[in-house]
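Okay, thanks for squeezing me in this morning. Have a look at the model on the screen, and I'll walk you through a few spots in it.

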Amino acid sequence: MTVLPITIWGEPVLHRRAAEVEVFDDELRTLIADMFETNDAANGVGLAAPQVGVGKRLFIYKYADDDGAPASGVVVNPVLTLSKVSGGLPDPDEEEEGCLSFPGGQYPLKRAEWARVQGFDGDGKPVDFEATGWFARVIQHEYDHLDGKLYINRLIDRYARKAMKQAKNSGWGVPGLTWMPGVDPDPFGH
């Protein structure tokens, strides 16, 4: 297994819809293993293929949940069904997100409290489970990457302005920027 570099906001693969996975083979399984290794090295709870520069519709997660879903897994070609997202303002103490592709930034965001996840595992076998609370947030966050969105694209104006200021001050927004988990400093201080 290999730790892969993580793309940073501005890399084109992060801003376009990823392609459906059509072949479940050893190459796909190697990518999945490398994504788990990268996620562990980055102290992440999830990682989507576009975050490692691969424009395919799959993500991995590693998050212990009380609802009976596996504590870690992969979902290939996922389909999400979500509960309604509250219209209230996000709670800055309880609803803050971060993203490995927007390193170091953490901003409040409202998400659906429930998600049903359907898709396939790395061998092409069906996957179907529900996620609630923080786990539902993780799933929605990773799924957004497959549609070319980062969580900062969903922020309310005042937090979006702060995120854009962070990106500008960091020199992001251009292709070719990455960081290497386990080599570069952990942007979230784990």
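Let me start with what I mean by a patch: it takes residues with over 30% relative accessible area and no salt bridge, joining like charges within 9 Å and nonpolar side chains (Val, Leu, Ile, Met, Phe, Trp, Tyr) within 5 Å. A salt bridge here is a side-chain nitrogen of Lys or Arg within 4 Å of a carboxyl oxygen of Asp or Glu. Asp and Glu count as negative, Lys and Arg as positive, and His and the chain ends are not counted. Areas come from Shrake-Rupley with a 1.4 Å probe.

One more caveat: this is a predicted model, where local features need pLDDT of at least 70 and side-chain atom pairs need 80 or more, while totals for chains, interfaces and linings use all residues. Numbering runs from 1 along each chain as its sequence is written, and side-chain values use heavy atoms, with hydrogens and water left out.

So, the patch. Asp91, Asp93, Glu94 and Glu96 form a negative one on the surface. Glu94 sits in the loop between strand 4 (72-82) and strand 5 (96-99); strands are DSSP runs of E, at least two residues, and helices are H or I, at least four, numbered from the N terminus. Glu94 counts as exposed because its relative accessibility is 58%, the cut-offs being over 50% for exposed, under 20% for buried, and partly exposed in between.

Next, aromatics. Rings of Phe, Tyr and Trp (its six-membered ring) pair if their centres lie within 6.5 Å, with planes under 30 degrees apart called stacked, over 60 edge-to-face, and the rest tilted. That rule gives 7 aromatic pairs. Take Phe24 and Phe120: their ring centres are 6.1 Å apart and the planes sit at 65 degrees, so we call the pair edge-to-face. This pair links distant parts of the chain, 96 residues apart, with Phe24 in the loop between strand 1 (6-7) and helix 1 (26-41) and Phe120 in strand 7 (residues 114-120). Phe24 is partly exposed at 27%, and Phe120 is partly exposed at 33%. Elsewhere, ring pairs tie Tyr61, Tyr63, Phe129 and Phe135 into a cluster.

Now the backbone. Which residue has a positive phi of about 60 degrees although it is not a glycine? That's Asn43, in the loop between helix 1 and strand 2 (46-48), and partly exposed at 40%. Asn77 also has a positive phi, near 50 degrees, but Asn77 is in strand 4 and is buried at 11%.

Definitions and conventions
Buried < 20%, exposed > 50% of the residue type's maximum accessible area, 1.4 Å probe, protein only. Charge placed at Lys NZ, Arg CZ, Asp CG, Glu CD.
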